[in-house]
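Reader: I would like to go through the assignments in this model one by one. Please give the reasoning behind each.

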Amino acid sequence: MLQAIADGILSGSIIALGAIGLTLTMGILRFANFAHAELVTWGAYMALGVLALTGAFMGPLEPFSFGVPLIMATLVAMVLTAALALAIDWLVYRPLRGRANHLTLVFGSFGVSLLVRMIILLIFGGGAQYYSNTLQIAIPVAPGLRILPDQVFTLGLTAVIVVALHLFLQKTRLGLAMRALAENPELARVNGIDTKVVVRWTWIIGASLAAISGVLYGLTVQLRPEIGFHLLLPLFAAAILGGVGNVFGAVIGGLIVGLAESLSVLVIPAGYKLAVPFMILLLVLYIRPTGIFAGTVGGAK
Amino acid sequence: MTAPLLAVDGVVAGYRPDLPIIHGISLTVAPEEMVTIIGPNGAGKSTLIKAVAGILPISRGTVRLAGKEITNLPTHRMASVSMAYVPQVANVFTTLTINENLKVGATALSKEDAARRIERGYEAFPDLKKFRHKKAGVLSGGQRQMLAVARALLTEPRLLMLDEPSAGLSPLMVSDVFQRLKALVDTGVAILMVEQNAKAALAISHRTYVFAEGRNRIDGPSQEMASNEEVTSIYLGAGGRKR
Ligand SMILES: Nc1ncnc2c1ncn2[C@@H]1O[C@H](COP(=O)(O)OP(=O)(O)O)[C@@H](O)[C@H]1O
Ligand SMILES: [Mg+2]
């Protein structure tokens with residue numbers, strides 16, 4: 001039971017990071033970007049690629065399984081994921097934007113997500129891979145509860161990122177512009193905001209967080225080309241549960257989805273675990289379609 | 001006649017390029033002049049203002065500000081040509097605080113200028129200062145209008161465009177808003193506003209244009225318009241028509 005809760009919080013924090021990016025881009029760009037989950041996969045594999053190119057030139061930072069090379073690789077992966085997101089926006093979404101039908105964009109994002117997954121499959125193959133083969137020793141925290149150092153790192157990093165992002169949205173000009181744009185794009189322009197620039201930054205931030213989420217997934221689970229496919233429902237469930245555009249809500253939503261998934265195994269066969277986010281999504285859409293918190297970028301304090 | 005501050009010449013514009021809503025509208029606003037546009041619903045009054053603000057695409061005609069052509073100006077660059085616009089509805093960010101609304105309005109300014117002018121804005125509108133950390137969504141209609149005007153003035157525009165600033169306000173608030181606009185003109189700001197409340201608008205503005213079906217209909221000094229039979233019979237009716 002305790003172990004299930006710890007596992008749930010862990011996978012919940014990874015879902016949360018991905019869902020933050022999703023909720024920001026949904027709130028500001030105003031469409032359900034199905035390709036967002038593939039950015040998570042892309043980020044995870046870009047870090048793997050960089051790691052393979054540079055080699056393990058330094059040992060791990062005890063007690064973690066990774067060292068400086070993976071941290072550097074993650075930074076490069078964030079840049080490469082942001083680049084992919086901007087390229088997709090420019091090549092696919094930009095020509096579709098402003099057209100009468102909003103669904104065109106959603107379908108476009110479906111196509112993009114398949115394409116990205118296939119590219120990853122082509123380059124990296126379909127098998128499971130790991131950043132490191134170092135075996136970690138789980139630390140017994142309490143009776144019946146053991147946690148890997150990497151998992152502690154994942155939780156800590158998620159907390160730091162959430163706080164930093166909150167401060168960014170509340171205190172900086174760009175953060176304020178993002179919140180203004182999310183509420184009313186035309187009024188934002190009337191107020192002097194160059195919305196194209198803000199949209200670009202939204203992609204960069206959302207994609208960078210997706211990359212981090214992917215690396216943490218690879219670190220604590222494993223790398224497979226289907227990461228994004230498996231995260232798609234949890235990400236949407238978390239973002240919608242928390243209220244579209246609401247960063248804080250996405251974090252809570254991510255934790256709820258992660259916990260529900262991991263606790264569900266106690267009562268239903270493990271094979272049905274993947275259906276849990278779907279049930280949550282249905283339940284939220286049925287009971288409270290706007291999510292638990294009002295959906296405004298940076299809202300709900 | 002002094003050179004106009006704003007000169008709109010034969011502007012054709014609409015929501016879609018193939019479906020013009022205004023068909024060649026012309027008007028001028030002199031420096032420090034208050035000009036009103038009236039006309040029946042759907043005449044294209046809002047469309048004209050949005051076209052000048054660069055929100056709707058202009059397919060023919062020109063817009064000049066102080067002699068410089070600004071046709072199809074990107075909306076976010078309005079402040080750089082000393083122009084500001086207050087939309088009719090949804091003119092404040094309800095999810096942001098009053099202070100944040102003003103900060104967003106000061107996007108075009110340096111941080112120092114922004115802080116100084118927001119402070120000055122609070123002096124002019126003490127009510128706003130009282131609620132500075134409240135979400136703008138809790139403000140009354142009149143307070144929102146004040147916030148929207150205070151926001152538009154942050155960039156110290158020479159031309160302020162307002163779309164129905166009195167819509168939905170109580171009679172007391174209407175006269176308050178109009179008094180403030182009049183005081184603004186006295187400080188050297190030119191105003192171009194759309195008004196449904198035609199009687200009040202004619203009473204305080206210098207000149208009035210009447211639009212109908214996307215075209216200029218009549219224009220002239222507001223006092224003459226108030227007694228113009230065609231205007232009074234068609235557009236004023238019983239105290240101006242409401243939405
Ligand atoms: N968002 C919109 N999309 C398409 N057409 C619009 C839109 N808003 C207004 N119109 C059309 O433009 C015409 C003029 O509207 P408008 O300029 O708002 O009139 P008003 O003089 O009342 O301000 C109306 O016939 C209306 O149907
Ligand atoms: Mg109108």
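Reader: Which residue stands opposite R64(B) in β5(B)?

Author: The model is predicted. In it, E69(B) of β5(B) stands opposite R64(B).

Reader: What makes β4(B) and β5(B) a pair?

Author: Two strands pair if DSSP finds at least two bridges between them. Two bridges join β4(B) to β5(B), so the criterion of at least two is met. The two strands run antiparallel. Their hairpin has two residues between the strands, and A66(B) takes a positive phi near 50 degrees there.

Reader: How do you know that β1 and β4 of chain B pair, and in which sense?

Author: Six bridges connect β1 (residues 6–13) with β4 (residues 58–65) in chain B, in the antiparallel sense. The requirement is at least two bridges, so six bridges qualify these strands as a pair. Among the partners, A7(B) is bridged to R64(B) in β4(B), and V12(B) to R60(B).

Reader: Why are β2 and β5 of chain B called edge strands?

Author: The strand order is β2-β1-β4-β5 (chain B), in an open sheet of four strands with antiparallel pairing. β2 (22–29) and β5 (68–69) of chain B each have a single partner strand, so one side of each has no neighbour in the sheet.

Reader: Where does helix α1 of chain B lie relative to the strands?

Author: Helix α1 (residues 45–52) of chain B lies across β1, β2 and β4 of chain B. Its direction is at about 110 degrees to β1(B).

Reader: What makes the approach of G42(B) to ligand 1 a polar contact?

Author: A polar contact is a pair of N or O atoms within 3.5 Å. A polar backbone atom of G42(B) is 2.9 Å from an oxygen atom of ligand 1, so the pair falls within the cut-off. For G44(B), a polar backbone atom is 3.0 Å from an oxygen atom of the ligand. For K45(B), a backbone N or O atom lies 2.8 Å from a ligand oxygen. The protein covers 56% of the 560 Å² of accessible area that ligand 1 has on its own.

Reader: Which residues are around ligand 1, and how do they divide by type?

Author: The residues around ligand 1 include Y15(B), I21(B), P40(B), N41(B) and T47(B). The shell divides into four nonpolar, five polar and one charged.

Notes. Residues numbered from 1 in each chain as written. Chains lettered and ligands numbered in written order. Predicted model: local features only at pLDDT ≥ 70, side-chain atom pairs only at ≥ 80, totals over all residues. Heavy atoms only, no water. Contact = heavy atoms within 4.5 Å. Axes fitted to C-alpha atoms, helices over the stretch in contact; angles between N-to-C directions. Near = heavy atom within 4 Å. Polar contact = N/O pair within 3.5 Å; in protein donor to acceptor, adjacent residues only side chain to side chain. Areas by Shrake-Rupley, 256 points an atom, 1.4 Å probe, with all protein chains shown as cover. Nonpolar A, V, L, I, M, F, W, Y, C, P; charged D, E, K, R; others polar.
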